[in-house]
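User: I would like a close look at a single part of this model, followed outward into the parts around it. Please take your time and keep the answer connected.

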Amino acid sequence: MAHPIRIAGISRPADVTFSFEGRSLLAPEGENLAAALIAAGIRRLGEGQDAARPRAALCMMGVCQQCLLRVDGRLAQACLTPIYAGMVVTAA
């Protein structure tokens with residue numbers, strides 16, 4: 001089944017399972033974590049200093065660090081982190 005956010009006709013690696021905040025998700029192996037979360041409908045990645053301005057994937061190239069998350073317990077920028085099977089992701 002085609003996903004409405006992904007480009008049809010593009011071959012991708014097989015989907016792998018990873019988790020975000022305890023929720024099991026699927027994404028093509030190697031896709032960046034920020035893109036996989038956006039495709040899954042997850043745009044809020046954490047709280048900023050002001051609750052009205054949550055952190056999210058903004059620049060998508062590693063400059064702003066607004067997409068900082070914990071991947072298997074270590075801080076990582078979601079836009080620069082490739083998805084792999086079994087990855088456990090939580091808010092930073």
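In which element is the place of Gln 77? Please start from that residue and describe its surroundings.

Analyst: Gln 77 has its place in strand β4, and everything said here about this residue and its surroundings rests on a predicted model. With a relative accessible area of 17%, Gln 77 is buried, since a residue counts as buried when that value is under 20%. Leaving aside residues up to four places away in sequence, Gln 77 touches Gly 62, Val 63, Gln 65, Cys 67 and Leu 68. One of these residues also offers a polar partner, for the backbone oxygen of Gly 62 lies 3.0 Å from a polar atom of the Gln 77 side chain.

The strand that holds Gln 77 belongs to a hairpin. Strand β4, which covers residues 74-77, pairs with strand β3, residues 68-71, in the antiparallel sense and over four bridges. Within this pairing, Val 71 has Arg 74 of β4 as its bridge partner. Two residues stand between the strands of this hairpin, and Asp 72 there takes a positive phi near 50°, a positive value in a residue other than glycine. Asp 72 lies in the loop between β3 and β4 and, at 41% relative accessibility, is partly exposed.

Another hairpin in the model can be described in similar terms. Strand β1, residues 15-20, and strand β2, residues 23-28, run antiparallel and are joined by six bridges, with Ser 19 standing opposite Ser 24 in β2. Here too there are two residues between the strands, and Glu 21 takes a positive phi near 50° although it is not a glycine. Glu 21 is found in the loop between β1 and β2, where its relative accessible area of 47% makes it partly exposed.

Returning to the surroundings of β4, another glutamine deserves attention. Gln 66 has its place in the loop between α1, residues 33-39, and β3, and its relative accessible area of 29% makes it partly exposed, whereas Gln 77 is buried. Not counting residues up to four places away in sequence, the contacts of Gln 66 are with Arg 55, Ala 56 and Leu 58. Along the chain Gln 66 and Ala 78 are 12 residues apart, and their C-alpha atoms are separated by 8.9 Å. The loop between α1 and β3 also holds Ala 52, which counts as exposed at 63% relative accessibility. From Ala 52 to Ser 24 the separation is 28 residues in sequence and 27 Å in space, C-alpha to C-alpha.

The cysteines call for a careful reading, because Cys 67 is among the residues that Gln 77 touches and the sulfur closest to that of Cys 79 belongs to Cys 67, at 3.7 Å, too far for a bond. Cys 79 is buried, at 8% relative accessibility. A comparable situation holds for Cys 59, whose closest cysteine sulfur, in Cys 64, is 3.7 Å away and therefore too far for a bond; Cys 59 is partly exposed at 27% relative accessibility. As a disulfide requires the two sulfur atoms to be within 2.5 Å, neither of these distances qualifies, and a search of the whole structure finds zero disulfides.

One salt bridge is present in the structure. The side chains that meet in it are those of Arg 44 and Glu 47, at 3.1 Å from N to O. Arg 44 is partly exposed, at 43% relative accessibility, and Glu 47 is partly exposed as well, at 48%.

Finally, the hairpins can be placed against the nonpolar core. The largest nonpolar core has 20 residues, and the members that touch the most others are Phe 18, Leu 33, Leu 37, Leu 69, Ile 83 and Val 89. Strands β1, β2 and β3 and helix α1 each supply at least two residues of this core, and α1 gives the most, with four. In soluble globular proteins, nonpolar side chains tend to be buried together. Phe 18 shows how widely one core member can reach along the sequence: not counting residues up to four places away, its contacts include Leu 25, Leu 26 and Ala 27, then Leu 33, Ala 36 and Leu 37, and also Ile 83, Tyr 84, Met 87 and Val 89.

Definitions and conventions: Residues numbered from 1 in each chain as written. Predicted model: local features only at pLDDT ≥ 70, side-chain atom pairs only at ≥ 80, totals over all residues. Heavy atoms only, no water. Buried < 20%, exposed > 50% of the residue type's maximum accessible area, 1.4 Å probe, protein only. Pairing = 2+ DSSP bridges. Contact = heavy atoms within 4.5 Å. Polar contact = N/O pair within 3.5 Å; in protein donor to acceptor, adjacent residues only side chain to side chain. Salt bridge = Lys/Arg side-chain N within 4 Å of Asp/Glu carboxyl O. Core = buried A, V, L, I, M, F, W, Y, C linked by side-chain atoms within 4.5 Å.
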